[in-house]
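Student: Please pick one part of this model and take me through it closely. I'd like a connected account that then ties the part to its surroundings.

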Amino acid sequence: MAKPRAFHVADLPGVGPTALFVFAGLYAPILTLVIYSFNAAPSVATWDGFTFDWYVKAWNNDAVMNAAANSLIVATLAAILSTGLATLAALGTTRRPAFFGITAIYAAINQPLMVPEIVTAVALLIVVAAIKAATGYAGLGYLVVAHTAFCIPFAYLPIRARLEGMDLTLETAAADLYASPWQSFRFVTLPQLAPGILAGWMLAFVTSLDDVVITEFIKSPGQDTLPTYMLGQLRRAMTPDINALSAALLGLTLVLLSGFFLLSRRKS
Amino acid sequence: MSAAEQAQRAKTTRNAWLLVIPALVVLMAAAIGPLVLVLIYSFLTPGDYGNVVWSFSLDGWQKVVVERDIFDDSLHLAEAHLTIFWRSVSLSLVTTILSFFAGFPTAWFIATRPANQRAFWLFLITLPFWTNLLIRTFAINQIIRNEGLLNTILLHLGVISAPLQMTYTEGALLIGMVYVYLPLMVLPLYASLERFDLRLLEAAYDLYASRWQVLMRVVLPIARPGIVAGSILVFVPCLGAYVTPRILGGGKLMMLGNFIELQFGQGRNWPLGAAISIVLLVIVMAALLVYVRAINGEKRDG
């Protein structure tokens, strides 16, 4: 593959420096946040030495732990549900002739990407307030259903992209060899599609974990997730234990994402 | 088309709907259906303690653009509201443009690395994308606020004698929004450039195209789907941004999202909040329509 070239056709002037500046700009604030979460002094103005105190403080805080549990429960359930729904929808909308209504289906699936989150949040607030008044139910169910809905397009996009890159010859071959539709799906389509499904699940999980606005509007009292808890804390002041919490969440993301990347690399 | 072919086709279509329906049901219940309620609520009367009273009223819509003077009961333009509208639209447009100019070279850079290095660079973009929006806003806030890192460094170096006021300005909102939404521009751009065939560039250069011509006539047209997708992905969340202006604008520089929240919270005027939500929705839909037309026009011409 590697061939020596004096003139690199792919080079466009200024691309390299701009890109490197962008990468530096993306990471400098995050790194600063992580570094200062270990700062013994409570402000970025001074460095008073290394400490884990802010992490210990966050770990021993029941409100933080409760919010973390809520975040993980909602994100896990919503990611599984939305990935399942999105996989079915992707199978229904790719690799077949266009049919009446397909545009409406695309619009519906992509709706959460198009409608501003604040509008969906307000809309759900109205619905949830009415259901709460009628039934009295105030569990995590509202959050799971709402998160599932807005995670669907994030799960759908990579799955659909993957499906579109797969032609039907292997399935046709399977059918020629007397595989039932289920067998051909299970042993031919699904293994090829798996990386797309995993990618979809990842996007859905992080989208749910990331959500502030919709959760903030429809959560019941005491139902904070990590982001809404942190936003609530910020109303007072920027405290280093929020830094520690941010850095911890960042670490979790890094571990998960590295794992997924290594996994998908080994497969391909 | 023979009868057998028609029957086969009908069956395929039925199967397609069966696969899609579960997702549609959830979307209807928790994303699309509730929007209809927002429209209805915008025509109701605000309740004394929030929520609504079920009697028809146009007050919510009227308050979007005009205010009733508390002294002489006269009507005049609600300048505060219009300022918020204008700020939201203009800041979102500028953020989208800035994100493109920063994002395109980045996506091109990644797409033109040797195949075995691309995953690494992409990972560097994906990681902030995965990182909570709130955390990224905190991070940028820690850099630019008065007691932040940038001011601390500049003070130490003696470049400035008093901290620069960067937070609570529109510039801060721009920096913050470009910072948090940039990965949403880079990822679709990269997706459209990834399968770019470099032989097309060689062909263009062989035909004596200049670098500029190569960029405008070869690269950008191929990247068009990514540009459109990236711009939508950046513009839409900007317009409805809530977290970033709340933290970096400090409650003073409200954008539409904060204004809507205010009406559903302390403002206790759900119909006004609902009406503004509908306005926001209409602006976003209009923007999307422009994009769709741009793509379709391109297809017809090309």
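Tutor: One bit of vocabulary before we start: helices here are DSSP runs of H or I at least four residues long, strands are runs of E at least two long, and both are numbered from the N terminus. Let's zoom in on residues 85–291 of chain B, which UniProt lists in an unreviewed entry as "domain: ABC transmembrane type-1". Keep in mind that you're looking at a predicted model. Over residues 85–291, chain B is 79% helix and 0% strand, and the C-alpha atoms at the two ends are 21 Å apart.

How far can you lean on this? Chain B has a mean pLDDT of 85, with 96% of its residues reaching 70 or more. For the complex, the predictor gives an ipTM of 0.82 and a pTM of 0.82.

The UniProt record also marks "transmembrane region" in chain B, again from an unreviewed entry, at residues 16–44, 84–108, 120–144, 172–193, 214–243 and 272–292. Take residues 84–108 of chain B: that stretch is 100% helix and 0% strand, with its end C-alpha atoms 35 Å apart. Residues 16–44 of chain B come out at 90% helix and 0% strand, and there the end C-alpha atoms are 40 Å apart.

Now look at helix H11 of chain B, residues 256–264. Eight of its nine residues are buried, so the helix is largely enclosed by the rest of the structure. The buried ones are Leu256(B), Gly257(B), Asn258(B), Phe259(B), Ile260(B), Glu261(B), Gln263(B) and Phe264(B). If you want an exposed residue to set beside them, try Ser74(B), which has 9 other C-beta atoms within 10 Å. Ser74(B) sits in the loop between strand E3 (66–68) and strand E4 (75–77) of chain B. From Ser74(B) to Thr13(B) is 61 residues in sequence and 59 Å in space, C-alpha to C-alpha.

Next, the nonpolar packing. The largest nonpolar core has 150 residues, and Val122(A), Leu124(A), Ile152(A) and Ala155(A) touch the most other members. Helix H7 (residues 170–194) of chain B gives the most to this core, with 16 residues. Ala155(A), leaving out residues up to four places away in sequence, touches Ser82(A), Thr83(A), Ala86(A), Gly200(A), Trp201(A), Leu203(A) and Ala204(A).

What about the contact between the chains? Chain A and chain B put in 72 residues each. On chain A's side, eight helices supply at least two residues apiece: H1 (15–36), H3 (62–93), H4 (102–114), H5 (117–135), H6 (141–164), H8 (181–210), H10 (226–234) and H11 (240–267). That side of chain A divides into 56 nonpolar, 12 polar and four charged residues.

Finally, the partner itself. Chain A has 11 helices and zero strands. Its radius of gyration is 23 Å, well over the 18 Å that the globule rule gives for 268 residues, so chain A is more spread out than a compact globule. Along the principal axes, the C-alpha atoms of chain A fill a box of roughly 70 × 70 × 30 Å. Of the residues of chain A, 41% count as buried. Among its contacts between residues at least 6 apart in sequence, 78% join residues at least 24 apart.

Definitions and conventions. Residues are numbered from 1 along each chain as its sequence is written. Chains are lettered from A and ligands numbered from 1 in the order in which they are written. This is a predicted model: local features need pLDDT of at least 70, side-chain atom pairs count only at pLDDT 80 or more; totals for chains, interfaces and linings use all residues. UniProt positions are given in the numbering used here, feature names are shortened, and annotations may be inferred rather than shown by experiment. pLDDT is the predictor's confidence in each residue, from 0 to 100. Two residues are in contact if their C-beta atoms, placed from the backbone, lie within 7 Å. Ala, Val, Leu, Ile, Met, Phe, Trp, Tyr, Cys and Pro count as nonpolar, Asp, Glu, Lys and Arg as charged, and the others, Gly among them, as polar. A nonpolar core is a set of buried Ala, Val, Leu, Ile, Met, Phe, Trp, Tyr and Cys residues joined through C-beta atoms within 7 Å. A residue is buried if 20 or more other C-beta atoms lie within 10 Å of its own, exposed if 12 or fewer, and partly exposed in between; C-beta atoms are placed from the backbone. The radius of gyration is taken over C-alpha atoms; the globule rule is 2.2 Å times the number of residues to the power 0.38.
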